[in-house]
Amino acid sequence: MIQVAQIVFAAAFTAVVSLLLGKLLLKLLRIDLYRSEELFLGFVLGSAGLSTLVFVLSVAHLAYSSVFFAAGCVVIAIAYWQQAVRFTPRRFDPLPRLWKLLFTALYTGFGVWYLIAALLPEASPDGNLYHVALPALYLREHHIPAITTNMLASLSEGVEMLYLFAFSFGRHSATAMVHLLFTLAAPLGILSYARRIGSPIAGVVGGMLFFLSPTVAYFGTMPYVDVALAAVVFGLFYFLQIWWEDQNDRPLIPAGVLAGFAYGIKLTAGISVVYALGAIVVRRWRTRGPFMRPALLVTVSALVLIAPWVIKNTIVMHNPVAPFGNRIFSNPYLYPYMETVYANVMGSLRGMKPWEWPYEVTTRGTRTQGFLGPLFLLSPLALLALWIPAGRRVLAALAIFALPCLAVVDARFFLPVLMFISVALAMLLSRWRIVAAAVVLLHAAAALPPVMVKYAHRSGPRLTWPEWRAALRLTPESAYLETRLDYGLGQLLDQNVGPRERVFAFQAFQQAYHSRQLIVEWQSAQGIRLGEPLRAAANNSLLPGDRHQFAFPALTARRVRLVQVVQTAQDDWNIAEVRILENGVELPRAPQWRLRASPNPWDVQLAFDNSPLTFWAPRRHPAPGDFLEVDFGKPLRFDQVFVDCQRSDAAFRMSCQLETDPGKWRIMDSTHEIFPNAVPPRLRRAAIENMERQGIRWLAIHDLDPVARDLLMRQAQWGIQLVGTSGRYHLYKLL
């Protein structure tokens with residue numbers, strides 16, 4: 001129970017510090033709100049401030065529990081001194097009794113269920129992969145290190161900074177409790193907004209429609225970020241509506257802060273800034289007032305919270321919008337095609353027809369990683385809110401925030417939009433009170449586990465009745481985690497791998513319950529360069545089976561360039577080795593040789609390392625003009641150029657060009673022939689030696705990984721030793 005108390009304290013302390021910090025900002029700006037508005041808007045605004053404070057402390061190498069506790073106490077003390085701990089006496093008119101009873105009963109009942117679920121030992125997939133794993137790393141290191149081997153560390157981490165704050169006091173489950181705070185705050189925000197516009201019943205209905213959604217229940221009780229983003233986006237909308245009514249520019253500052261925080265939570269939410277500026281332009285155009293000053297207030301306020309993540313990625317990844325935009329901001333850490341693959345996976349319809357998606361995302365959930373609830377099949381009816389002035393503003397926000405969702409199919413990415421759909425539907429349904437109450441009760445019934453199994457696919461993620469013994473730690477945390485994630489593998493790593501040693505794996509597994517550095521193949525360019533030799537050593541089809549020979553009468557040239565001449569969208573042009581010969585004798589490679597390539601200049605040395613396992617490639621679909629070049633530094637005489645490549649039609653589109661005089665290039669394609677390439681033996685050991693040269697001493701291999709069986713059956717040939725097994729994972733040490 002001591003552990004449970006620590007978790008509850010961590011979440012409560014985070015909530016109090018966030019709320020008081022937000023109320024301090026509201027008091028400083030002299031923004032008059034109703035009491036319930038102070039609670040919701042103060043919390044989401046303060047969470048943005050606390051997130052930024054934690055980031056600054058972490059960058060300054062002050063990520064310690066004691067420092068975070070002191071910072072929280074300072075915030076509380078200042079709030080007490082400035083009397084920000086007091087709530088305004090202004091209240092909305094009371095809710096109608098029956099509607100208050102309905103809201104309270106459902107909010108309390110489902111809230112207790114959500115609370116127990118959030119208290120469970122943290123075992124969520126993405127949480128253990130990065131949402132919790134990275135804050136755990138930052139606390140161990142006491143700062144945010146420069147991570148170039150994990151593309152997920154490049155994502156903006158606004159909510160993760162709150163997780164770091166709570167993690168320092170309550171460890172893993174405290175992070176889920178922080179996300180639960182946003183889940184509990186969201187319906188209160190909807191209710192408060194509806195009461196402001198004079199439609200309290202719509203607030204009850206809209207708040208419950210969102211709160212009882214199975215996707216909200218599932219992800220809102222785990223350390224993801226989607227419900228938090230929905231609450232922050234709605235807070236931005238709320239501040240803009242206050243400004244829209246009062247035309248006092250002070251609410252635009254917190255609106256800008258929340259727009260910037262939305263970007264800090266998820267890069268695609270940067271559209272929040274566009275939405276805020278658009279609302280200002282529309283309002284001032286209607287009133288024929290100036291818009292430059294309010295637009296500047298929003299922009300500057302947003303940039304204060306956007307800048308930390310842009311600066312961090314610029315310094316660490318050489319790309320301000322990493323892990324995206326790698327075609328524009330080329331860098332040695334992420335290949336452009338990695339971004340393409342990631343986008344294709346997230347945006348793929350996964351076998352669905354476009355017209356099947358609405359039913360899948362609302363009712364089935366198997367191919368959309370969750371379902372919103374069958375009630376939201378009625379979402380098109382929300383368009384009828386266009387006849388309500390406030391409804392038009394809600395639908396305008398809905399349309400803007402739906403734009404990033406056009407590229408994804410997963411249900412959780414639609415949660416910011418779901419808040420606006422819930423409000424718009426509620427505005428419509430509240431005109432018929434009996435119908436509205438019936439809809440809410442049916443929605444609540446459909447959100448119960450015994451009912452969900454009747455309509456949702458069994459593989460669709462959903463919240464089940466929680467194991468309360470595990471939540472209260474009456475069941476040991478380790479016993480619970482052993483059955484739900486690769487907990488034992490983490491223990492195996494901590495027991496055998498040195499603190500500064502690195503482990504390579506083809507696929508990701510939990511990184512929150514161990515302290516060893518893992519390099520996963522798909523997460524970085526380095527991971528791909530490590531994984532490809534292992535695959536090729538056991539699969540001859542991946543080796544450079546073709547040798548392309550360009551032979552010509554001996555001549556003198558200073559530079560040799562291999563150029564792609566045809567656009568292709570299917571093959572990846574690659575070059576394992578380039579050799580320059582005279583009379584059948586290879587010219588020795590000299591230090592003064594200068595190697596160039598475009599794109600991907602960072603890997604060009606791999607085409608000159610005498611290894612058939614490594615190669616240079618554009619790392620995107622080859623395009624005309626892509627090239628690899630050797631500058632000898634002085635004119636050299638030769639008569640042959642050998643280029644070793646994988647067997648692929650792409651290689652036939654390669655042209656060989658020689659610079660015989662400064663600026664004068666000759667094309668030698670007429671002498672192009674292709675021969676089988678003799679690949680040397682003992683490549684398994686060569687692949688392991690390549691690992692060792694890059695500081696890798698351990699492999700964590702799953703049974704389903706590409707070379708798993710070969711590694712297990714031919715350990716001596718590889719030069720590895722099996723150290724331990726956990727589940728379907730094998731841990732090997734490189735000898």
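**Figure 1. Glu-477 and its salt bridge to Arg-473.** In this predicted model, Glu-477 is partly exposed, at 21% relative accessibility. Its partner in the salt bridge is Arg-473, with N and O 3.3 Å apart. Arg-473 has a relative accessible area of 12%, so this residue is buried. The cut-off for buried is under 20%. The pair is one of 32 salt bridges that the structure holds.

**Figure 2. Arg-561 and Glu-629 in a salt bridge.** The closest N and O atoms of the two side chains are 2.4 Å apart. Arg-561 belongs to strand S3 (residues 546-564), and Glu-629 belongs to strand S7 (residues 627-645). The pair therefore ties together parts that are 68 residues apart in sequence. Arg-561 is buried, with a relative accessible area of 18%. Glu-629 is buried as well, at 1%. Salt bridges with shared partners join Arg-559, Arg-561, Arg-596, Glu-629 and Glu-659 into one network.

**Figure 3. Arg-412 and Asp-226 in a salt bridge.** The N to O distance is 3.1 Å. Arg-412 sits in the loop between helix H17 (389-402) and H18, while Asp-226 sits in helix H11. The two are 186 residues apart in sequence, so the salt bridge ties together separate parts of the chain. Arg-412 is buried, with a relative accessible area of 11%. Asp-226 is buried too, at 1% relative accessibility.

**Figure 4. Helix H9, residues 200-211.** H9 has twelve residues. At 1.5 Å a residue they should span 16 Å, and the end C-alpha atoms are 16 Å apart, so the two values agree. Eleven of the twelve residues are buried, so the helix is mostly covered. Those buried are Ile-201, Ala-202, Gly-203, Val-204, Val-205, Gly-206, Gly-207, Met-208, Leu-209, Phe-210 and Phe-211. Which helices help to cover the buried residues of H9? Among them are H4 (97-119), H8 (172-196) and H10 (214-219). H11 (226-246), H18 (415-429) and H19 (433-446) also belong to the cover.

**Figure 5. Helix H4, part of the cover of H9.** H4 has 23 residues. From first C-alpha to last, H4 reaches 32 Å, close to the 33 Å expected at 1.5 Å a residue. Its buried residues include the aromatic side chains of Trp-99, Phe-103, Tyr-107, Phe-110, Trp-113 and Tyr-114. Leu-102, Leu-106, Gly-111, Ala-117, Ala-118 and Leu-119 are buried too. An α-helix has 3.6 residues a turn, so residues three or four places apart point the same way.

**Figure 6. Ser-430 in the loop between H18 and H19.** Ser-430 is buried, with a relative accessible area of 14%. Leaving aside neighbours within four places in sequence, Ser-430 is in contact with Ser-199, Ile-201, Ala-202 and Ala-436. Of these contacts, Ile-201 and Ala-202 are among the buried residues of H9. How far is Ser-430 from Asn-150 in space, C-alpha to C-alpha? The distance is 48 Å, and the two are 280 residues apart in sequence.

**Figure 7. Ser-58 in helix H2.** Ser-58 is buried, at 0% relative accessibility. Beyond its neighbours within four places in sequence, Ser-58 is in contact with Ala-63, Phe-68 and Leu-164, among others. The contacts also include His-142, His-143 and Ile-144.

**Figure 8. The largest cavity and its lining.** The model has two cavities of 30 Å³ or more. About 70 Å³ of space lies in the largest. Rolling a probe the size of a water molecule over the atoms shows where empty space is left. The lining of the largest cavity is Ser-51, Thr-52, Phe-55, Gly-260, Phe-261, Gly-264, Leu-305, Pro-308 and Trp-309. Helices H2 (35-59), H12 (252-265) and H14 (292-317) are the elements that give two or more residues to this lining.

**Figure 9. Confidence along the chain.** The mean pLDDT of the chain is 93. Of its residues, 98% reach 70 or more. Which element has the lowest mean pLDDT? Helix H15 (residues 336-347) does, at 79. Helix H7 (residues 158-170) has the highest, at 98.

Terms used: Residues are numbered from 1 along each chain as its sequence is written. This is a predicted model: local features need pLDDT of at least 70, side-chain atom pairs count only at pLDDT 80 or more; totals for chains, interfaces and linings use all residues. Side-chain values use heavy atoms; hydrogens and water are left out. Helices (H or I, at least four residues) and strands (E, at least two) are DSSP runs, numbered from the N terminus. The expected span of a helix is 1.5 Å times one less than its number of residues. Buried means under 20% relative accessible area, exposed over 50%, partly exposed in between (1.4 Å probe, protein chains only). Contact means heavy atoms within 4.5 Å. A salt bridge is a side-chain nitrogen of Lys or Arg within 4 Å of a carboxyl oxygen of Asp or Glu. pLDDT is the predictor's confidence in each residue, from 0 to 100. On a 1 Å grid over the protein atoms alone, a cavity is a set of points where a 1.4 Å probe fits but cannot get out, and a pocket is an open set with protein on both sides within 12 Å along at least five of seven lines; lining residues have an atom within 4 Å of a point. Grid points are joined across faces, edges and corners, and a volume is the space filled by probe spheres set on the points.
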